[in-house]
Structure formats: C-alpha cells, structure tokens
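Reader: I am a first-year student and should be grateful for a close look at one helix and the surroundings to which it belongs. Please begin with the helix itself and then widen the view.

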Amino acid sequence: MNLIDLINRKDKRLSIKGGWRQAKARRNLSIWRVVEFDNGSELTIGGVDKVYRLATLPDQIGWFVRLRRVAKWSFDLFPRGRCEVSTRHRGSRGTTAGIRFGRSAVPVPMPWDKSKGLPGNAELQLSFIAPKGYVVELLVHKALNRKVLIKRAVGKGIEIGPGPRPQILASGATSVCYLEEMPIEKWAQLYDPTGKYGTPKADFSKYVIGTADNLPAEDGSLDFIFSSHVFEHLANPLGHLVRWRDKLSAGGVILAVIPDMHSTKDSVGRPSEIGEIKAEFDAGIWRPVEAHYERYFALRGKPQLASEMMEKDSSIHVHFYDKDSLKDLLDLAVREYGFSSYEIIHADNHKDFYFSIWK
C-alpha cells in the first residue's frame, strides 16, 4: 500500500494524529520515500477489507520502521522504539501485533487473524513510540528512477501518448516522434483546459495523429517504442504487443511505465487475469467495451456512470496490473509471440513500475 500516494491525494480513508512529515532516506544504498512520526503519533487507514492485497492477509506489506536521531546529542547507546499494529472494527480493537526496533530497519508485521479474515469496514491502525531525541521513520517504498528505462530508448522510435510533456527527447543517438490520438486542440480541451500541464507552451511539430494499435511506422523500422501510463488504458494488451513487435527491428525494445494497481485507486480491484487477456486477443477486441467501463466505475462506487462515459469514449484503466499479472502476460509474449526476453523493474508500494520487452 502506497501511503505516500494516500497522503498526497488526501484520501478520505486516511487519518493521522500527532506530528508527522514526508521525507526521503537512504537504506541499503537506495533512496526510500519515508513518513516520519513523532513520539505518540498514530496512523489509521479505513476500508482495508476492500483493498485486494490486504484482503489476502499478507504477513508483511513492504513497510519498514526504524529510529532516526533528531537531537544533536543523545546518550542513549541502544535506543528502542515501538510500533503497535492493530485492526479495528466499529471502534473496537481486533488483533494486534507489536514490534520493537532500533536504528536498523525492520519489517512491519501485519496483525491479521487468518482464521477469521477481515470484517467489513475494517481499519488498520499503527501507533508509534520513540525515545526522547528520536523520531520513527516508516519506510514506505524504495524510489525508482525511470532514467533506467529512458536510457534504453536509443535509435529511431515512437513515444505513445506523451501529451505536452514527452519523456524521450531527440539527441545525437535518438530520433523520436510523438503519437497522440487527437489533435492537440482537442487534447487540451479534454485534459488540460487550464493549461496546467503546459499545453500552450509545448512544441507539437514532431507529433503525429494515430492510434496505439496502428502505429504510423513501417514494419521493422523502429528501435524502440515507449509509453508512460498508457498500457493500462489499452484493451487487448497482448494484441498491442504483437503489433508493436512487428514495427521493431531485430533487437528492438518496447519500454513502458505502468501504474501498480496495489498502490493506486485501482487497489480495490483484482489484477487482470491472463485468461481475460487471451480472450480479448482471440476476439480481436481493440477498444474498451461495456464490461470494461462497468468494472472501472463499479470499483469507484459510481456504476451509474459507465454507459455515459462509454458514450463519451472517456479514458479509463481497462486492465489492472501488478508485477505478477504483468509477468504472466510477458511470459506468454516470449513463449508464444516472438519476443526474446523481458525485464520488470518494480519496488513494492511504488506508484508505478516499468517493463522492457525485446524482439
């Protein structure tokens, strides 16, 4: 669960009592996103029974705790903090797990009673005790850097759906054009009416109009195809991969950034299963259908909007991915559809993750 995302979008399920702040910290040579808590602070997340990953009752969810000294001087050689994790239901405490820790990070245990499961409207509560001169660091996720992915975009390629902020820039080693489904005037009207995303200042001379399932490029002509937060909007993802494969030269690569469903608003859904994806491929479905819209808006508690939004051709998340469901898809693509290998770059609780798949 991405606590950073819940905080930043002011999710109504979240409440924090006491002093806290966001920060970054280093652990095992990596940068982590952290929430610091003062002594006596308390964190509560409601509706955890509706979150798919938590409803499976995992022993841990990728959070770690440790102490950080904030006082200039401290004579406590072996400081100890405490984190108590409990479930609550209608104000009554259920199961509890406690952990003591020092300045080395330890995983936060989950307190589930696996014999009973989670009741409806369950809450997850964490309380923090820190000795004088220290705060508790809750390490939420390791920070990923998409530059690892972007540096692979070398040669001639296409970036799909960049809006006014493309991520792949032309250089001596890279030639790129940008693909959008609609003229920029319509794009701005739908997605950037206030100019918040910089549409009025963007240079659209290198943009072409087209669709992701019919890239405007000759077969075998591209070295890379890149997209960021596009893949989850596509019906028939296997079909798109196959068509993109045909556009790649030998050794060419598809690069993508996609949201991790467990760390976004999609967390109440279930990962898309390979059977559904294969069925869309066999049926030749290339656009979201009524079932996609019904699922998307039902998960958001607004099923009445499905028909209206479908008529407007509104953009939705057609499929929901985590690293395991994506692995199933890429395994199939390599095993049966002409790809040679792939890599998934993932960090637990990060808002999005990356994949590369080579022809």
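Author: The buried residues of helix H7 pack against two other helices, H6 (274-283) and H8 (306-311). The model in which this packing appears is a predicted one. Helix H7 covers residues 290-299, and its buried residues are His-292, Tyr-293, Tyr-296 and Phe-297. Seen down the axis of H7, these buried residues fall within an arc of 115 degrees, so they line one face of the helix. Just after the end of H7 comes Gly-301, whose phi is positive, at about 70 degrees.

The helix also takes part in the lining of an open space. The largest pocket of the model has a volume of about 1,900 Å³. Of the 50 residues that line this pocket, Trp-187, Tyr-191, His-229, His-233 and Ser-315 are the closest to its centre. H7 is one of the elements that give two or more residues to the lining, together with strand S11 (155-160), strand S12 (174-180) and helix H4 (184-191). The largest share, four residues, is given by H4. By class, the lining of the largest pocket holds 19 nonpolar, 13 polar and 18 charged residues.

One of the residues closest to the centre of this pocket, His-229, deserves attention for its backbone. His-229 has a positive phi, near 55 degrees, although it is a residue other than glycine. The residue sits in the loop that runs between strand S14 (222-228) and helix H5 (237-247). Its relative accessibility is 29%, and a residue is buried under 20% and exposed over 50%, so His-229 counts as partly exposed.

Strand S11, which was named above among the contributors to the largest pocket, leads to another residue. Arg-152 is found in the loop between helix H3 (147-150) and S11. With a relative accessibility of 25%, Arg-152 also counts as partly exposed. Leaving aside residues up to four places away in sequence, Arg-152 touches Val-253, Leu-255, Glu-343, Ile-345, Ser-356 and Trp-358. Between Arg-152 and Thr-174, which are 22 residues apart along the chain, the C-alpha atoms are separated by 9.9 Å.

The second largest pocket brings the account back to the end of H7. About 380 Å³ of space lies in this pocket. It is lined by 14 residues, and those nearest its centre are Arg-9, Asp-11, Lys-265, Leu-299 and Arg-300. Leu-299 bears the number of the last residue of H7, which spans 290-299. The lining of the second largest pocket divides into four nonpolar, two polar and eight charged residues.

Between Arg-9 and Asp-11 in the numbering comes Lys-10, which has a positive phi of about 50 degrees although it is not a glycine. Lys-10 belongs to the loop between helix H1 (3-8) and strand S1 (14-17). Its relative accessible area is 73%, and Lys-10 is therefore exposed.

Arg-9 appears again in the lining of an enclosed space. Rolling a probe the size of a water molecule over the atoms shows where empty space is left. The model has two cavities of 30 Å³ or more. The largest cavity has a volume of about 50 Å³, and Arg-9 lines it together with Met-1, Asn-2, Asp-5, Leu-6, Arg-13, His-262, Ser-263, Thr-264 and Ser-267. This lining consists of two nonpolar, five polar and three charged residues. The second largest cavity holds about 30 Å³ of space. Its lining is formed by Glu-232, Pro-259, Asp-260, Met-261, Asp-266, His-317, His-319, Phe-320 and Tyr-321. Four of these residues are nonpolar, two are polar and three are charged.

Finally, the helix may be placed within the whole chain. The secondary structure comes to nine helices and 17 strands. The radius of gyration is 23 Å, close to the 21 Å that the globule rule gives for 359 residues, so the chain is as compact as a globular protein of that length. Taken along the principal axes, the C-alpha atoms fill a box of roughly 70 × 45 × 45 Å. Of the 359 residues in the chain, 48% are buried. Among the contacts between residues at least 6 apart in sequence, 71% join residues at least 24 apart.

Notes: Residues are numbered from 1 along each chain as its sequence is written. This is a predicted model: local features need pLDDT of at least 70, side-chain atom pairs count only at pLDDT 80 or more; totals for chains, interfaces and linings use all residues. Side-chain values use heavy atoms; hydrogens and water are left out. Buried means under 20% relative accessible area, exposed over 50%, partly exposed in between (1.4 Å probe, protein chains only). The arc is that of the directions from the helix axis to the C-beta atoms. Contact means heavy atoms within 4.5 Å. On a 1 Å grid over the protein atoms alone, a cavity is a set of points where a 1.4 Å probe fits but cannot get out, and a pocket is an open set with protein on both sides within 12 Å along at least five of seven lines; lining residues have an atom within 4 Å of a point. Grid points are joined across faces, edges and corners, and a volume is the space filled by probe spheres set on the points. Ala, Val, Leu, Ile, Met, Phe, Trp, Tyr, Cys and Pro count as nonpolar, Asp, Glu, Lys and Arg as charged, and the others, Gly among them, as polar. The radius of gyration is taken over C-alpha atoms; the globule rule is 2.2 Å times the number of residues to the power 0.38.
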